[in-house]
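Dear colleague,

Please find below the structure I am handing over to you. My notes on it follow directly after.

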Amino acid sequence: MNSDIAQLDGLDTIPKLLDRNAREIGDKPASREKEYGIWQSWTWSEVRGEVEALALGLLELGLKKGDHVAIIGNNRPYFYWAMVACQSCGAVPVPLYQDSVAKEMAYVLKHCGTRFAIVENQEQVDKLLEMGSKLKTLKQIVYIDPRGLRNYDHTSMRSYKEVQKLGREHADSKRGKQKLSLREELEKRKAKLTGNDACVILYTSGTTGEPKGVVLSHYNIVATAKNSSEFDHLCADDSVLAYLPMAWVGDFIFSIGQSFWTGFCVSCPESPDTMHQDMGEIGPTYFFAPPRFYESLLTTVAIRMEDASAIKRNIYKYFMDHAGKTGGPILDGKSVGLWDRLKYALGNILVYGPLKNSLGLSRVRVGYTAGEAIGPEIFDFYRSLGINLKQLYGQTEAAVFVTQQPDGEVRADTVGVPSPGVELRIDESGEVFYRSPGVFQDYFKNAKSTAATKDKEGWVATGDAGFIETGSGHLRIIDRAKDVGKMADGRLFAPKYVENKLKFYPNILEAVVFGDGRDKCCAFINIDLNAVGNWAERNNITYASYQDLAGLPQVLAMIQAHVEEVNESIASDEMLSGCQIHRFLALHKQLDADDGELTRTQKVRRRIIEEKFSNLIDALYDGSNNIFADTEVTYEDGRKGRISATLEIRNTRVTTIEQRAAA
């Protein structure tokens with residue numbers, strides 16, 4: 001690895017990149033935040049000053065080399081500066097999901113032995129205080145927003161600005177056995193920091209059990225940021241919007257890794273609720289979002305068009321049909337007839353341009369989606385508008401990037417070619433393996449899992465099944481290896497493929513398909529409350545709650561029609577035709593991370609769902625027409641409650657290959 005680090009020209013840590021940026025592009029904007037309706041901006045030189053002041057203050061409070069510092073809150077520049085300040089001191093930041101309940105936080109904080117915590121506001125402080133004696137290692141809490149905290153015991157609690165002030169005031173005071181000033185101590189620690197040192201610990205989403213702490217080195221982050229940025233020609237003039245959870249590796253590599261390598265600006269929205277509006281004002285040129293984000297945007301578009309006048313709906317449909325045929329080829333620079341180009345240009349004036357602008361995507365030069373597979377219909381919709389949306393395949397253990405899609409080679413059914421520096425191989429079972437500069441050091445305090453995931457030669461098992469296309473070299477992912485199975489008759493079972501097709505419909509928020517080892521496939525459906533609620537209002541259909549709406553015969557008939565359309569589509573694929581859905585039910589509650597049914601990154605926890613709703617699954621397969629469901633739920637304030645309903649189970653029409661061919 002040392003020879004690889006040498007290729008970074010001495011820029012092998014995040015603090016070194018910050019020093020370079022302050023020196024070479026010090027006047028360029030580095031961070032922006034919208035607060036009280038006004039955008040505030042900091043240059044790279046100003047960011048360096050903010051980071052240094054905080055680092056000095058943390059040293060004064062006793063932050064030691066190797067300490068773990070929890071970072072908890074919404075996306076704000078102060079948190080990104082805090083992570084770099086910790087790294088400058090030789091400590092390791094550990095971002096947590098800000099919406100985690102105290103119990104979830106306690107596991108991570110105890111597991112990594114957090115000594116310091118930098119949090120956003122009273123809500124996060126209260127969660128830490130609620131854990132009390134469980135967090136024996138926690139010595140100091142630093143908060144950003146002081147509202148509501150005036151009367152708290154501040155013995156081991158300080159405000160962010162107070163810590164920075166402490167650092168500035170004591171920067172030249174002598175301390176320690178060597179009688180170094182705080183400033184000299186900080187410079188000494190930064191000088192000793194190398195690419196092999198831990199840069200961050202990011203905990204996995206825990207789809208199959210307790211989260212694991214992925215230790216990524218500075219070299220992992222910097223080398224991956226360099227390679228991926230060069231792949232897409234990112235530069236200091238680009239800009240991104242930081243809105244994804246800071247505990248997720250994607251936000252870390254985009255908002256710190258790539259930002260510090262290229263020097264582009266990271267903007268933070270005022271709040272999660274104003275994210276779309278703030279995105280429209282900033283107009284990012286580089287944008288990433290998981291499939292669920294693009295699905296929700298498409299749902300919003302569908303709702304708006306249903307409420308539009310007949311003439312607007314007809315214009316929209318006409319030009320979107322045309323975009324579906326020509327938008328992708330035009331974006332890829334392929335040959336398209338003059339008349340089709342002229343019609344597309346007119347559509348851009350009337351439909352595509354205004355739509356992209358309202359979505360905040362008008363300036364996007366490079367867009368990505370990852371985290372799980374995106375439905376091809378959704379993917380093609382955005383590319384047909386002229387948005388350069390691409391797919392990447394990545395993992396926390398790879399510092400995100402395993403594959404990327406080159407411009408001109410973008411397809412919905414692949415995740416691209418290996419990113420620069422990445423090697424791929426497929427084992428005899430079909431599982432995908434990779435090794436790269438981004439491969440993690442280890443799972444913190446979990447040598448057994450580390451050995452099971454990464455071998456001595458650095459190859460990492462992804463847990464995903466896939467294959468590399470002959471000719472193109474593109475990787476195609478079938479599904480999670482543990483989720484791909486066989487039907488009772490030996491046909492392939494790939495649930496995610498079917499679920500993504502279902503989620504293309506705005507009325508369906510989530511779907512969970514069952515069928516491994518069984519003679520047929522069945523499904524749970526979560527309706528989208530906004531889309532279906534809007535439809536109900538337009539049709540003068542009354543309802544009292546989510547479970548009431550989900551159980552209405554008219555809603556079930558609409559969902560049944562969607563399922564049968566998906567069945568017809570799947571029937572054309574000989575390999576996956578056995579995955580057609582024979583029976584379904586609409587769940588009486590939304591799957592929720594607080595109830596353990598989803599991860600904090602909104603991935604389905606299949607094993608937990610199968611255990612929790614085993615009686616509903618049995619009813620799907622025993623021929624029952626309905627089933628009573630009584631389920632415990634967790635409210636936002638942490639209280640528990642129960643939701644019950646009698647759920648109707650519906651049979652659906654299944655299409656044979658012969659019927660599909662005849663049609």
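The notes below concern a bent helix, a pair of packed helices and a loop residue.

This is a predicted model, in which local features need pLDDT of at least 70 and side-chain atom pairs count only at pLDDT 80 or more, while totals for chains, interfaces and linings use all residues. Residues are numbered from 1 along each chain as its sequence is written, and side-chain values use heavy atoms, without hydrogens and water.

Helix H14 (residues 338-359; helices are DSSP runs of H or I, at least four residues, numbered from the N terminus) bends by about 60 degrees at Asn 348, the bend being the angle between axes fitted to the seven residues ending there and the seven starting there. Its buried residues (under 20% relative accessible area, 1.4 Å probe, protein chains only) include Gly 347, Val 351 and Leu 355. Among the elements covering the buried residues of H14 are helices H12 (291-307) and H13 (310-331). Just after H14, Gly 360 has a positive phi of about 80 degrees.

The axes of helix H2 (residues 14-24) and helix H10 (residues 249-262) come within 9 Å and cross at roughly 40 degrees. Residues meeting there (contact: heavy atoms within 4.5 Å) include Leu 17 and Leu 18 in H2, and Ile 256 and Phe 260 in H10.

Asp 99 lies in the loop between strand S4 (92-96; strands are DSSP runs of E, at least two residues) and helix H5 (102-112). Leaving aside neighbours within four places in sequence, Asp 99 contacts Lys 127, Asp 594 and Arg 600. The C-alpha atoms of Asp 99 and Arg 600 are separated by 8.1 Å, although these residues are 501 residues apart along the chain.

With kind regards

Terms used: Buried < 20%, exposed > 50% of the residue type's maximum accessible area, 1.4 Å probe, protein only. Axes fitted to C-alpha atoms, helices over the stretch in contact; angles between N-to-C directions.
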